[in-house]
Amino acid sequence: MRRKSPDSQGMSLLAQAREKAKITAVLGPTNTGKTYLAIDRMLGHPSGMIGFPLRLLARENYDRIVQIKGAAKVALVTGEEKIVPPGARYFCCTVESMPVDRPVSFLAVDEIQLCADPERGHVFTDRLLHARGLAETMFLGAETIRPVLQALVPEAEYIGRPRFSTLTYTGPQKLTRLPPRSAVVAFSASEVYATAELIRRQRGGTAVVLGALSPRTRNAQVELFESGEVDYLVATDAIGMGLNLNLDHVAFAKLRKFDGRGQRRLTAPEVGQIAGRAGRHMNDGTFGTTTEIGPLPDSLVEAVESHSFDPLAFVSWRNVDLDFSDPLALLKSLDRKPPRRELLLAQEADDQIALATLARQPEIAALATTPEAVALLWEVCQVPDFRKILSDHHAQLLAQIYLKLMGNEKRLPEAWVGAQLQRLERSDGDIDQLIARLAHIRTWTYITHRGDWLDDSDHWQARARAIEDSLSDALHERLTQRFVDRRAAFLVRRLRGDSDLIGAVRKNGEVVVEGEFVGRIAGFRFELDEEARGDDARPLLAAARRALTGEIPRRIKQLEQDNDGAFALVDNAIAWRGTPVARILAGDTVLTPRVEVLSSDFLDGPARERLRKRCTAWLTRHIRATLKPLFEAKAVELSPPGRGLLFQLVEALGTLPRRPLASQIALLTKADRKALAGLGLRLGAASLFLPRLQHPRMLALRARLWAIREGLEVPALPPSGTKTFELKDLALPKALEDSFCCAIGFRRVTRKAGPPLAVRADVLERLARDAYKAAAESGALTLSPELCKLADCGEEDLAALLFALGYRRRKDADGNPCFARKGARQTPAAGEQESEAPQAKKAAGKSGRPKSKRSGVRKKPRRKEEAERYADSPFAVLRDLATGGE
């Protein structure tokens, strides 16, 4: 099934009108008034629509048009925000969210040169080829798009727009000598933070703009700069598009960036786009570099000053005539080759990667069997990942959304949505944590704006927006607290004299500034010395952070190169050289926990990922080496009942009670039992367990993995060699006592009086065996010192253990207390035995078998009745094990 446009007379008339509409391309560099011209043209039509490259730009121009036309006539449509009054006539949208099927008199697309963007270009190309206004269509962008546009839209007319002001190169400058109203451009969070710290020390404060900021936070930071509260702005290339600032100078602190695939140099058009932010309207601007990277090449300077760049030869393209018959067909249709040489097949976008990942999951493949189900799957895959975490977490979220939609009449359960939002409704944490939380809530803001997925979408949109606003405000406050401090700047000017503050890191981790100890670096976290706190410590803290700018990359490299001996487990964390650097969280299974690097303001995304990978690799090897028997068990080939049994055993970390598994054990084949015996698995009377896991080092890791799965602190383990202990000292929830005991190779036993008792599984099995032998020899079981010594406990605790094994208190023939199996016949008195003996002997005759008193027929022994009575006995299991079983 392929998605096709409706074939109707009305649509045909619209298509004809659009084909006859005027198409204009307004091309030129930044600061040429292209957007202003397009808005002015649109407002001259009865209706119109403009697609902007950023939500921020769409919102800014929406507010501008509302002031002119009124809120009732203007709509805002983005992935995360929709304001559509019933009588709306003018639409401000992001390019991805443009409702192109809606007929409007005027239609424009801004920054059309983004057709060549590897990630989003195919969307812009689709608008270039298919989006049209009924009366006029306008494409706004750089001159570099002209050759491709002429080939793809030959009927377009062209308008060139010269820059209003002049852009001049001024060469390299020190950060400390940059003029006011300057922006410094770097390309990672750590570089932005380090540069902002230096400017704060020297000039009193700076605004910070990162691509990961929400529009609300970005606007608040820009307002600090625009209002004059600070004279400097430190940013990534996020300022290159969508921010109209009163900038006089742009300084490049770096000329290389990470583009999601690797480090690369900025292209000439990218340098021009960013440098062009300087000198707005009629004010001339300048651009340059910092002294750390040196001067720009002459050819690059000439290209930027003259706005002359190599034209584009290709634009990204992706097929939009999609096949929804099944997921594989959909993937194949997405990879269809372009129909023209100017079109270049787009690299796999996030939605296509997500589709390929989800299509491989059996649960989803089983549901996506109709065109409607596949179309829904594609819609789910288009939910954006604002976190950009490059891991499976986003795919897991999409899988959950799809399964819940398919299982709930294409509606998301509101309780589940509420729980997801509640996890993000907190404003504590450092800058990186707030940025990560903010990116996650933006994804949920997008989901709540899918009105067909939620019954009360207005409520959930409002709640998601409130959380986003709260996080945005908290992030703005953290950034301002950290990078805007006029008192600190005053103290810095007093202390620095004629030279910069000098900071260094000693081998023992001490951080010194101007020879004074100010704190210590532990792992990748800086801890300020308590004696250095106060107003005088703030400039020293900034200098210490600058000193750590080179120390952190060195430590990351050292951690990656260290052997496994440098790592260890400390509580629920991974320590490197004795210092915790990452926490361990519950993963998909108990043997595959997740690693999360501890927060640090000095680690950006790529650095955190490098640390996470190295720590994960060590943890995986450590668990495999320590708990080798469990991994051997996972690899054994068994019948389905056997595999299910081993799966439960591995998840329980090596010990399980036998009784709940009786039916499953009965289905084991001889081959299964032989394989289990080869693993050393004991199918005991009371428990299933692996004796090889009883080493103290293994028990400690089993307890830690159990605690990580349950989200608890690791309980205190009994001393090595302990056979029984009371559970009262562990302070565990009662519901978790059984699973914890099994995780460390013990079994929980309830006592009549007092707290529960934990007994080692192998000790309980030996007790069952010896008790059975003693009862078989004497006919009754007494609390002997030998049994107490075996279990290392007193008589009362031994009685509790025997009760757990199925024994009950009785009295023997002499009236003395003893124990017997539940359901066993009581031992007759001695006189009764003697009186019955001659009769039995006489009745037995020659054959020795008893006969009936009436007919003289020999009675058959009650073997069947006794077998049925003891069929569920643990001693029957012992007998089977001794004879080989079935």
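## Helix α25 and its surroundings

Helix α25 has 15 residues, which at 1.5 Å a residue should span 21 Å, and its end C-alpha atoms are indeed 21 Å apart, in agreement with that expectation. The model is a predicted one, so please read the values below as computed from it.

Let us stay with α25 for a moment. Which of its residues are buried? In α25 the buried residues are Met698, Leu699, Leu701, Arg702, Ala703, Arg704, Leu705, Trp706, Ala707 and Ile708. The elements that cover them include the strands β23 (567–570), β25 (579–585) and β27 (655–657), together with the helices α20, α21 (628–635) and α26 (734–743). Just after α25 comes Gly711, with a positive phi of about 70°.

One of the covering elements, α20, deserves a closer look. Helix α20 covers residues 605–626 and α25 covers residues 696–710; the two pack at an angle of about 130°, and their axes are 10 Å apart. An angle of that value makes α20 oblique to α25. The crossing in which α20 passes α25 is left-handed. On the α20 side, His622, Ile623 and Thr626 take part, and they meet Arg697, Met698, Leu701 and Leu705 of α25. Sorted by class, this contact of α20 with α25 holds four nonpolar residues, two polar ones and one charged one. Two lists overlap here: Met698, Leu701 and Leu705 meet α20, and these three residues are also among the buried residues of α25.

A second helix pair offers a useful contrast in orientation. Helices α15 and α17 pack at an angle of about 10°, again with axes 10 Å apart. They are therefore roughly parallel to each other. Which residues of α15 meet α17? Glu414, Val417, Gly418, Leu421, Gln422 and Leu424 in α15 are in contact with Trp460, Arg463, Ile467 and Leu471 in α17. By class, six of the residues in the contact of α15 with α17 are nonpolar, two are polar and two are charged.

Here are the two pairs side by side.

| Helix pair | Angle | Axis distance |
|---|---|---|
| α20 and α25 | about 130° | 10 Å |
| α15 and α17 | about 10° | 10 Å |

Some individual residues around these helices are worth a visit too. His459 lies in α17, the helix of residues 457–483. Is His459 buried or partly exposed? With a relative accessibility of 38%, His459 counts as partly exposed. The C-alpha atom of His459 is separated by 8.9 Å from that of Thr448, a residue 11 places away along the chain.

In the loop between α14 (393–406) and α15 (414–424) sits Lys410. Although Lys410 is not a glycine, it has a positive phi of about 60°. Its relative accessibility is 41%, so Lys410 counts as partly exposed. Leu653 likewise is not a glycine, and its phi is positive at about 70°. The loop that holds Leu653 runs between α22 (640–651) and β27. Leu653 is buried, as its relative accessible area is 0%.

Arg555 belongs to helix α19, residues 537–561. At 9% relative accessibility, Arg555 counts as buried. Where do its contacts lie? Leaving out residues up to four places away in sequence, Arg555 touches Gly509, Ile521, Gly523, Phe524 and Trp576. Gly523 is 32 residues from Arg555 in sequence, and their C-alpha atoms are 8.0 Å apart in space.

Two strand residues complete the tour. Glu510 is in strand β20, residues 510–513, and it is buried with a relative accessible area of 16%. Beyond its neighbours within four places in sequence, Glu510 is in contact with Ala504, Val505, Phe517, Gly519 and Arg520. Thr137 is found in strand β7, residues 136–141, and is buried at a relative accessible area of 0%. Not counting residues up to four places away in sequence, Thr137 touches Lys22, Ile23, Thr24, Leu107, Ala131 and Arg132.

Finally, the whole chain. Its secondary structure comes to 32 helices and 34 strands. Of its 886 residues, 49% count as buried. Among contacts between residues at least 6 apart in sequence, 67% join residues at least 24 apart.

Key
Residues numbered from 1 in each chain as written. Predicted model: local features only at pLDDT ≥ 70, side-chain atom pairs only at ≥ 80, totals over all residues. Heavy atoms only, no water. Axes fitted to C-alpha atoms, helices over the stretch in contact; angles between N-to-C directions. Helix = DSSP H or I, 4+ residues; strand = E, 2+ residues; numbered from the N terminus. Parallel < 35°, antiparallel > 145°, perpendicular 65-115°, else oblique. Left-handed = near helix turned anticlockwise from the far one by under 90°. Contact = heavy atoms within 4.5 Å. Nonpolar A, V, L, I, M, F, W, Y, C, P; charged D, E, K, R; others polar. Expected span 1.5 Å × (residues − 1). Buried < 20%, exposed > 50% of the residue type's maximum accessible area, 1.4 Å probe, protein only.
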